[in-house]
Amino acid sequence: MSVRPERFRPDDRRVRVQGHPVDTYPVLPPEAGRGSFRRVTVTGEEVLGRPCQEVTGFGTPELSTLIDDMFLTMHVAEGAGLAANQVGVGLRLFVYDCLDDHGVRHVGHVFNPVLDLHGPDGRRLVEEYEGCLSVPGAAKVVPRTDRAVVRGFDKDGAPLVVEGTGYFARCLQHETDHLFGHTYLDRLSRRDRKDALRQMMDRQDEVFVGRTERLARLVRG
């Protein structure tokens, strides 16, 4: 999912890591510092269109490496979230580094997420522009609820609950959609989908160049 700038500044702006506030946190997450860049898949590729597999074996070096690589890839691509199938891996995992509507930064990863949108009395539908790293250069208005809770597991298999409001709630919904084989294009009318794909064709080369340049800057340190 693409980044949107922050809006408001509440009193407590501590970063939430895996749903818990921390007093200090670096601009570049530690995972990204350990990771390697992976190519971001593009809409139309098979791995993006099929449901991802549930993860059953936690605590492996392979999963830790995947998380690290996804964090770096997300930051190079200037994203707020990234699902595993967006780097070609069909597992139920996404990572995020996203601001909510109060300017609070949320950072973490979730395996096997289950989305809870609350009852209709406790949420409202918000229509805002949404982008996707797998639809490079395009953005369209997509309705999402303003509150969302994701229940899942961390890399060691410990249960976790992450709650989001505003833009972060949108991010949680967007990334969970990916793991079921959907992109935001699937939520658009035929006309809007066609326009989004046209935007992508017009702008994707510029997006790819930007990613290459940002990766080179990170490698140089």
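Which residues does Met-70 touch, not counting residues up to four places away in sequence? In this predicted model, the contacts of Met-70 are with Leu-82, Ala-83, Ala-84, Val-87, Leu-93, Phe-94 and Val-95. Met-70 also belongs to the largest nonpolar core, which comprises 22 residues. Together with Phe-71, Leu-82, Leu-93 and Val-95, Met-70 is among the members with the most contacts inside that core. Helix 2, strand 4 (93-99) and strand 5 (105-116) each supply at least two residues of this core. The greatest contribution comes from helix 2, which gives 8 residues. A second core, separate from the largest one, is formed by 16 residues, including Ala-80, Phe-94, Cys-171 and Leu-179.

Cysteine pairing was examined next. A disulfide is a covalent bond between the sulfur atoms of two cysteines. The structure holds 0 disulfides. For Cys-98, the closest cysteine sulfur is that of Cys-171, and at 4.2 Å the two sulfurs are too far apart for a bond, since a disulfide requires the sulfur atoms to be within 2.5 Å. Cys-171 is likewise in no disulfide, the sulfur of Cys-98 being the nearest one to its own. Both residues are enclosed: Cys-98 is buried at 1% relative accessibility, and Cys-171 is buried with a relative accessible area of 0%.

Charged side chains were then considered. The count of salt bridges comes to 20. One of these pairs is Glu-78 and Arg-214, whose closest N and O atoms are 3.2 Å apart. Glu-78 lies in the loop between helix 2 (61-76) and strand 3 (81-83), whereas Arg-214 lies in helix 4 (residues 190-220), so this salt bridge ties together parts that are 136 residues apart in sequence. The surroundings of the two partners are described by their accessibility. Glu-78 is partly exposed, with 46% relative accessibility, while Arg-214 is buried, with 17%. The value for Arg-214 falls in the buried class because the limit for that class is under 20% relative accessible area.

A further salt bridge joins Arg-105 to Asp-97, with 2.8 Å between the closest N and O atoms. Both Arg-105 and Asp-97 are buried. In another pair, the side chains of Arg-170 and Glu-130 meet at an N to O distance of 2.7 Å. Arg-170 is part of helix 3 (residues 166-179) and Glu-130 is part of strand 6 (residues 125-131), so the contact connects parts that are 40 residues apart in sequence. Arg-170 is buried, with a relative accessible area of 2%, and Glu-130 is buried as well, with a value of 1%.

The pair formed by Arg-170 and Glu-130 is also part of a network of salt bridges, in which Arg-144, Asp-177 and Arg-187 are linked with them. Within this network, Arg-144 is found in strand 7 (residues 139-145). Arg-144 is buried, at 2% relative accessibility. Its side chain is joined to that of Asp-177 by a polar contact of 2.9 Å. Leaving aside residues up to four places away in sequence, Arg-144 touches Arg-124, Leu-125, Val-126, Glu-130, Arg-170, Gln-173, His-174, Asp-177, Tyr-184 and Arg-187. The other members of the network, Glu-130, Arg-170, Asp-177 and Arg-187, are thus each found among the contacts of Arg-144.

Helix 3, which holds Arg-170, was examined as an element in its own right. Helix 3 has 14 residues and reaches 21 Å from its first C-alpha to its last, close to the 20 Å expected at 1.5 Å a residue. Of its 14 residues, 14 are buried, so helix 3 is largely enclosed by the rest of the structure. Just after helix 3, Gly-181 takes a positive phi of about 85°.

Helix 4, in which Arg-214 lies, also contains Arg-211. Arg-211 is buried, at 7% relative accessibility. With residues up to four places away in sequence not counted, Arg-211 touches Val-40, Val-76, Ala-77, Leu-133 and Pro-136. Arg-211 and Gly-57 are separated by 154 residues in sequence and by 32 Å in space, C-alpha to C-alpha.

Definitions and conventions. Residues are numbered from 1 along each chain as its sequence is written. This is a predicted model: local features need pLDDT of at least 70, side-chain atom pairs count only at pLDDT 80 or more; totals for chains, interfaces and linings use all residues. Side-chain values use heavy atoms; hydrogens and water are left out. A salt bridge is a side-chain nitrogen of Lys or Arg within 4 Å of a carboxyl oxygen of Asp or Glu. Helices (H or I, at least four residues) and strands (E, at least two) are DSSP runs, numbered from the N terminus. Buried means under 20% relative accessible area, exposed over 50%, partly exposed in between (1.4 Å probe, protein chains only). A nonpolar core is a set of buried Ala, Val, Leu, Ile, Met, Phe, Trp, Tyr and Cys residues joined through side-chain atoms within 4.5 Å. Contact means heavy atoms within 4.5 Å. A polar contact is a pair of N or O atoms within 3.5 Å; within protein, one must be able to donate a hydrogen and the other to accept it, and residues adjacent in sequence count only if both atoms are side-chain atoms. The expected span of a helix is 1.5 Å times one less than its number of residues.
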